Amino acid sequence: MERYILPDIPNLHKIDAYEQHGGYSALKKALGMNPAEVTDEVKKSNLRGRGGACFPTGLKWTFMPKDNAKPKYLCVNGDESEPGTFKDRQIFEFNPHQLIEGTLIGCYAMGITSAYIYIRGEYGKWIKMLQKAVDDAYAKGYIGQNILGSNFSTNIYLHKGAGAYICGEESSLMESLEGNRGYPRVKPPFPAQRGVWNCPTTINNVETMTNVPLIINNGWEWYSKIGVAKHPGPILVGISGHVNKPGVYEVATGELLTDLIYNYAGGVPGNKKIKAVIPGGSSTMILRGEQIEGVRMDADSLKAAGSSVGTAGMIVMDEDTDLIRVISRISKFYYHESCGQCTPCREGTGWLWKILKRFEAGEGRIQDIDLLVDIANNIEGNTICALGDAAAWPVQSMVKRFRDEFEKRAKKDAVAAA
Amino acid sequence: MLTEENLKKAEELKKRYPETKAALLPILWIAQEQEGYISEDMMKYLGTMLNLPFAHILGVVSFYTMYHDKPLGRYHLEVCTNVSCMLRGSDKILQTIEHVCGVKPGQTSADGKWTVNEVECMGACGGAPMIAIGEEYYENLTPEKTEELLKKLSQR
Ligand SMILES: Cc1cc2nc3c(=O)[nH]c(=O)nc-3n(C[C@H](O)[C@H](O)[C@H](O)COP(=O)(O)O)c2cc1C
Ligand code: FES
């Protein structure tokens, strides 16, 4: 497939090269349309968010109030901290102007005069790369006052995070942007009603915004024909773990997971069998190796298989993998990253990790297997934000699909007693 | 205290946001870059400067793992041990560091040269296992490459 997010064009990160290859023409085109038309185009394209929830982007934009005296804001989410996810970094490095252009078009469509791109603090080097691109775009009049001679003005600012997975959650991100600890907010009110600084706000992922210029340049019909109709477009898939060629691959949605692993990522070292696959970042439900046959990288296909697209960060595990160690490590992560506001998440994630450490050490009891599920079930849905769910799903799915692994590791006398 | 130059930067940063408080995270970054860490005195100073209670600043500094309230070693080695790195041998990287630098995760060496920490996913899973030193990422590591890197650094 032709690549649209990370095309194979040398020096595309430089503004001259970007312009030579048609860069900023979508912005020009958008400025000639009325803002509602732009939103409508995005809505009809069926673009769905690449930040984890696959929410329809155009629809989200329509939630923004139209006649409102308050300023409105756009937050572009580049926190990228879900384990297994490393795609937005590629955009900062190789195609930053397309992200900027998409951000500007989004601002125009929603009548926004300040956009903040929130990037995880660990990406200091990549923040500098993007800042250079932003500076160059200001210098050429693409950002700032009266953009390209129109009466539309907007600013783009980069905001550096400081090491907190939770700040990728949209309301936590806004708290962090305001200069607070990243504690998620209770919803409603939703960001479009009351977001950052109590003003209407839209939050979209970096890759989502990078898709927008494609839709404006080529039209929604063109875009909606790429990949799967209900979840179309190019998508960046990060493949890591036990594969020969780990990396980020751009494909059309609907690519077979087996093609991604065996063709794009070069298969499994030593031709080993696949024991398990986490398809979309550590919070998505784990699949058994034999379950991925015929499953595709799109929302419906992965849902039918009992998992989800998430951030499309796939982690492949070969037949020799110690899955108890894997789930224990994942649980440690969510325990470490829980902000501590909600009791079920703060306490529950700690209990999950403690019990899983027992299994790792061969000290788990057979009844602990159901206890894990019970704790996970009591976290899921009972917290302010979805970090609780993200901690519960991997445990629930691991027990459901690999119960035998837990049984094998349980304390032997405990097995006999039960 | 922030230097003259950094004070100017702080003033510029405030203009980016409708409320001054929002400049806190970026200004904390500047303070940390200047001093290497954020001392209690610095927090009090910034509190006066931004008209924020000390408790708020302390709360923010302690919430975010990348702000440090104590000095670190000259090289801060951050070793990712999350799943993708674990699957590709991050424990061997940690062992190599312990062997070469004589420090375990969470420790700083007696000569102040090394601080080692285990960290969560750094967004470099495709280049696992990895370590970060400051803003630099070192990916696709092996114990041999790690040893080579550490030796090079220790000669500087
Ligand atoms: C705990 C948690 C962490 C998240 N981290 C990120 C992140 O790093 N980047 C991101 O784009 N979305 C993240 N999200 C999803 C955001 O809340 C939000 O849905 C997304 O940024 C919206 O953008 P999209 O509609 O373009 O996908 C996270 C959600 C949760 C619950
Ligand atoms: S798991 Fe180590 S960088 Fe992602």
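Author: Contact here means heavy atoms within 4.5 Å of each other. The model under discussion is predicted.

Reader: With that cut-off, which residues is B:Tyr67 in contact with, leaving aside its neighbours within four places in sequence?

Author: On chain A, B:Tyr67 is in contact with A:Ala162. On chain B the list is B:Leu25, B:Leu28, B:Trp29, B:Gln32, B:Ile38, B:Val60 and B:Val61.

Reader: What makes a set of residues a nonpolar core, and which residues have the most contacts inside the largest one?

Author: The members must be buried, belong to a fixed list of residue types that includes Phe and Tyr, and be joined through side-chain atoms within 4.5 Å. The largest core has 81 residues, and A:Phe406, B:Tyr64 and B:Tyr67 have the most contacts inside it. A second core, separate from it, has 70 residues, among them A:Leu12, A:Val76, A:Trp126 and A:Phe152.

Reader: Why is A:Ser328 called buried or exposed?

Author: Buried means under 20% relative accessible area. A:Ser328 has 2%, so it is buried. The residue lies in helix H13 of chain A, residues 323-337. Beyond its neighbours within four places in sequence, A:Ser328 is in contact with A:Trp353, A:Leu356, A:Lys357 and A:Glu360.

Reader: How do you know whether strand S1 of chain B is enclosed?

Author: By counting its buried residues: 6 of the 6 in S1(B), residues 75-80, are buried, so the strand is largely enclosed by the rest of the structure. B:Tyr75, B:Leu77 and B:Val79 point one way, B:His76, B:Glu78 and B:Cys80 the other, and all are buried. In a regular strand, side chains alternate between the two faces of the sheet.

Reader: How do you know which strands S1(B) pairs with?

Author: Pairing needs at least two bridges between two strands. S1(B) has 6 bridges to strand S2(B), residues 114-119, and these two run parallel. With strand S3(B), residues 131-133, there are 3 bridges in the antiparallel sense. As examples, B:Val79 has B:Glu118 in S2(B) as its bridge partner, and B:Glu78 has B:Ala132 in S3(B).

Reader: What makes S2 and S4 of chain B edge strands?

Author: The open sheet has 4 strands in the order S2-S1-S3-S4 (chain B), with mixed pairing. S2 and strand S4 (136-138) of chain B each have a single partner strand, so one side of each is left without a neighbour in the sheet. From one strand to the next, the twist averages 25°. Helix H6 of chain B, residues 90-101, packs on this sheet and touches S1, S2 and S3 of chain B, its direction making about 155° with that of S1(B).

Reader: What is the strand order of the chain A sheet, and how is it paired?

Author: That open sheet has 4 strands in the order S3-S2-S1-S4 (chain A), and the pairing is parallel. Its edges are strand S3 (155-160) and strand S4 (201-205) of chain A; each has a single partner strand, so one side of each lacks a neighbour in the sheet. The twist here averages 20° from one strand to the next. Strand S1 (residues 73-78) of chain A is joined to strand S2 (residues 114-119) of chain A by 6 bridges, and A:Cys75 stands opposite A:Tyr116 in S2(A). Helix H6 of chain A, residues 96-110, packs on the sheet and touches S1, S2, S3 and S4 of chain A.

Reader: How many aromatic pairs are there over all chains, and why is A:Phe333 with A:Tyr334 classed as stacked, tilted or edge-to-face?

Author: The count is 26 aromatic pairs over all chains. For A:Phe333 and A:Tyr334 the ring centres are 4.9 Å apart and the planes stand at 80°, so the pair is edge-to-face; the class requires centres within 6.5 Å and planes over 60 degrees apart. Both residues, A:Phe333 and A:Tyr334, are buried. B:Tyr75 and B:Trp114 form a tilted pair, with 5.4 Å centre to centre and 35° between the planes. That pair links strands S1 and S2 of chain B, its residues being 39 apart. B:Tyr75 has a relative accessible area of 9%, so it counts as buried, and B:Trp114, at 4%, is buried too.

Reader: How do you know that the charged end of A:Lys160 sits over a ring?

Author: NZ of Lys must be within 6 Å of the ring centre and within 35 degrees of the ring normal. The charged end of A:Lys160 sits over the ring of B:Trp29 at 3.7 Å from its centre. The charged end of A:Arg120 sits over the ring of A:Tyr123, 5.4 Å from the centre.

Definitions and conventions: Residues numbered from 1 in each chain as written. Chains lettered and ligands numbered in written order. Heavy atoms only, no water. Buried < 20%, exposed > 50% of the residue type's maximum accessible area, 1.4 Å probe, protein only. Phe/Tyr/Trp six-rings, centres within 6.5 Å; stacked < 30°, edge-to-face > 60°. Axes fitted to C-alpha atoms, helices over the stretch in contact; angles between N-to-C directions.
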